[in-house]
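User: I have the model open and would like to walk through how it packs. Could you take me through the parts one by one?

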Amino acid sequence: MTNNQWLMANVKINRALFLLAFLIILARGFLFTGAMPVVHYVLLAGKIALIPIAIILALRTSGRPTAIDLCMLLYYVVMCVCCLLNSTPILSVTLMALDVFIFWAMCRWFFARSSLFPLKVTTCFLLAFIAVNFLLMLWRPEGLWHYATNGKMYYLLGGNYNNMGKALLIAMVSNILLLRFIPRPTAPASSIFEPYIFYRLTFALTIILSYGTLLIVGSKTSLLGITLLLAFSVLLLFRSKWLRITCLSLFIVLYFGFQSWTVFHNLNTSLPKTEYFIQHVLHKDLTFTLRTNIWTRSKQLIERRPAIGYGEHDDMWYQLELEGLTTHNLVLHILLKGGWLALCAFVLLLIVLHLLLLIRGPNTTPIAADLTFFILAALWVYLFMMIVEVYPFFSLAILFIYAGYTIPPAFQPVDRTSDSENKGCC
């Protein structure tokens with residue numbers, strides 16, 4: 001075997017191993033494997049095997065972690081401290097943190113080399129998950145497994161039907177970022193596998209399958225979320241800076257207003273316009289499918305232990321205390337687990353993310369301005385969805401990682417075609 005052949009074989013092996021690594025982490029983050037013990041333990045074993053590899057990648061990648069990375073680490077430490085102070089297990093928090101760490105280490109390795117590989121594999125794998133889940137839903141629209149703790153039917157993608165939204169949103173965000181980086185062909189494409197054409201097709205297919213999935217299960221929150229995301233992506237076609245700022249600012253105001261009224265307002269206060277939006281736009285009752293009962297129970301628990309919360313607990317504890325598996329609200333979720341200490345760490349993370357993006361992005365290059373706007377819009381859409389749902393931190397961390405590593409001029413994707421350039425980084 002010649003030296004050139006050996007290099008090509010090495011590149012292919014590296015690519016295959018990284019594909020497997022991303023598949024393991026994304027499957028753990030977005031698929032429900034609780035009813036498939038063999039799959040669950042295979043993915044867990046794969047994740048444990050990836051830990052030392054992620055450590056090596058983190059140490060070998062040049063450059064310091066971003067301020068966003070450090071704030072995510074702080075948030076994890078605070079959650080662990082709250083668990084220790086409450087004498088509750090920290091295993092699930094640690095397992096989630098390791099998933100984030102492995103995904104972060106791999107993304108950082110590639111983004112430091114100006115490679116779009118993480119965006120490509122995330123787009124393709126999530127589309128595959130969505131497609132398989134859609135086919136299974138056509139076969140068993142009522143669900144695949146009965147979850148004994150809450151008596152509901154669960155699906156492959158996310159388990160509970162309301163949890164599908166996280167995969168749909170992250171798939172679209174990854175695909176849109178990818179399309180913004182890949183240059184449009186200057187001549188008519190000769191094949192659908194030409195990168196820009198291929199990922200336009202994946203985007204169209206993701207949209208079709210996402211709406212088809214949500215129409216079958218009837219998740220209004222996810223349906224509204226991906227529609228808002230697509231609406232913000234349309235603004236990328238307009239070069240008006242003030243149009244984007246105005247639309248995003250109004251949406252943030254809407255977020256705080258809706259958050260305050262739905263979760264923290266006096267239930268006896270009548271607000272006709274808000275009630276109209278809930279009943280006739282969202283097509284929900286004013287209890288948000290009995291979520292107000294869960295929010296009331298959550299607030300009563302938080303009032304008893306506001307500083308450090310109750311730490312991490314299993315599903316049975318939440319079912320007994322709240323009559324639901326989650327608080328169905330991100331703010332209450334953080335307060336219940338880690339109190340004001342954890343909420344302050346999370347707010348600091350959001351502030352640092354905004355400062356980093358607004359300093360680095362809008363006034364540099366057009367692509368940086370586009371990405372800054374879109375990542376911020378995607379984040380606020382996701383936070384808006386989490387007014388009535390709680391999605392795992394792993395999916396939120398993907399947006400934080402994208403925010404920290406995909407904004408030019410720190411990241412400038414290039415077309416790596418030579419073997420020497422591809423060596424070790426796909």
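**Packing around helix H14**

Analyst: Apart from its neighbours within four places in sequence, Phe 384 is in contact (heavy atoms within 4.5 Å) with Leu 224, Leu 228, Phe 251, Leu 254, Tyr 255 and Phe 258. This is a predicted model, in which local features need pLDDT of at least 70 and side-chain atom pairs count only at pLDDT 80 or more, while totals for chains, interfaces and linings use all residues. Residues are numbered from 1 along each chain as its sequence is written, and side-chain values use heavy atoms, with hydrogens and water left out.

User: Where is Phe 384, and is it buried or exposed?

Analyst: Phe 384 is in helix H14; helices (H or I, at least four residues) and strands (E, at least two) are DSSP runs, numbered from the N terminus. Phe 384 counts as buried because its relative accessibility is 6%, where buried means under 20% relative accessible area, exposed over 50% and partly exposed in between (1.4 Å probe, protein chains only).

User: And how far is Phe 384 from Phe 258, in sequence and in space?

Analyst: The two are 126 residues apart in sequence, and their C-alpha atoms are 8.6 Å apart in space.

User: What angle do H6 and H14 make?

Analyst: Helix H6 (residues 164–181) and H14 pack at about 175°, with their axes 11 Å apart; axes here are lines fitted to C-alpha atoms, for helices over the stretch in contact, and angles run from 0 to 180 degrees between N-to-C directions. H6 is therefore roughly antiparallel to H14, given that angles under 35 degrees count as roughly parallel, over 145 as roughly antiparallel, 65 to 115 as roughly perpendicular and the rest as oblique. Residues making the contact include Gly 165, Leu 169 and Val 173 of H6, and Leu 371, Phe 374 and Met 385 of H14.

User: Changing topic, which residues touch the most other members of the largest nonpolar core?

Analyst: Phe 346, Phe 393 and Phe 400 do, in a core of 141 residues; a nonpolar core is a set of buried Ala, Val, Leu, Ile, Met, Phe, Trp, Tyr and Cys residues joined through side-chain atoms within 4.5 Å. Helix H14 gives the most to this core, with 16 residues. Leaving aside neighbours within four places in sequence, Phe 393 is in contact with Met 72, Tyr 75, Met 96, Val 100, Phe 346, Leu 349 and Phe 400.

User: What about polar residues, say Ser 222 and its contacts?

Analyst: Ser 222 is found in helix H8 (residues 220–234), and at 0% relative accessibility Ser 222 counts as buried. Beyond neighbours within four places in sequence, Ser 222 is in contact with Asn 162, Gly 165, Leu 214, Met 385 and Tyr 391.

User: And Arg 291, which backbone oxygen lies 2.8 Å from its side chain?

Analyst: That of Val 388, which lies 2.8 Å from a polar atom of the Arg 291 side chain. Arg 291 itself lies in helix H11 and counts as buried at 5% relative accessibility.

User: Which residues are buried in H12?

Analyst: In helix H12 (residues 315–322), Trp 317, Tyr 318 and Leu 322 are buried. Those residues are on the same side of H12 because they cover an arc of only 95° around the axis, the arc being that of the directions from the helix axis to the C-beta atoms. The buried residues of H12 pack against helix H11 (291–304) and helix H13 (330–360).

User: How do H11 and H12 cross?

Analyst: Their axes come within 9 Å and cross at roughly 100°, so H11 and H12 are roughly perpendicular to each other. The contact is made by Ile 294, Arg 297, Ser 298 and Leu 301 of H11 and by Trp 317, Glu 321 and Leu 322 of H12.

User: What is the phi of Glu 323, just after H12?

Analyst: Phi of Glu 323 is near 60°, a positive value in a residue other than glycine. Most residues other than glycine have a negative phi. Glu 323 lies in the loop between H12 and H13 and counts as exposed at 52% relative accessibility. His 328 lies in the loop between H12 and H13, has a positive phi of about 60° although it is not a glycine, and counts as buried at 15% relative accessibility.

User: Finally, how many helices and strands are there in the chain?

Analyst: The protein chain has 16 helices and two strands, and buried residues make up 52% of its 426 residues. Of the contacts in the chain with a separation of 6 or more, 75% are between residues 24 or more positions apart.

Methods:
A polar contact is a pair of N or O atoms within 3.5 Å; within protein, one must be able to donate a hydrogen and the other to accept it, and residues adjacent in sequence count only if both atoms are side-chain atoms.
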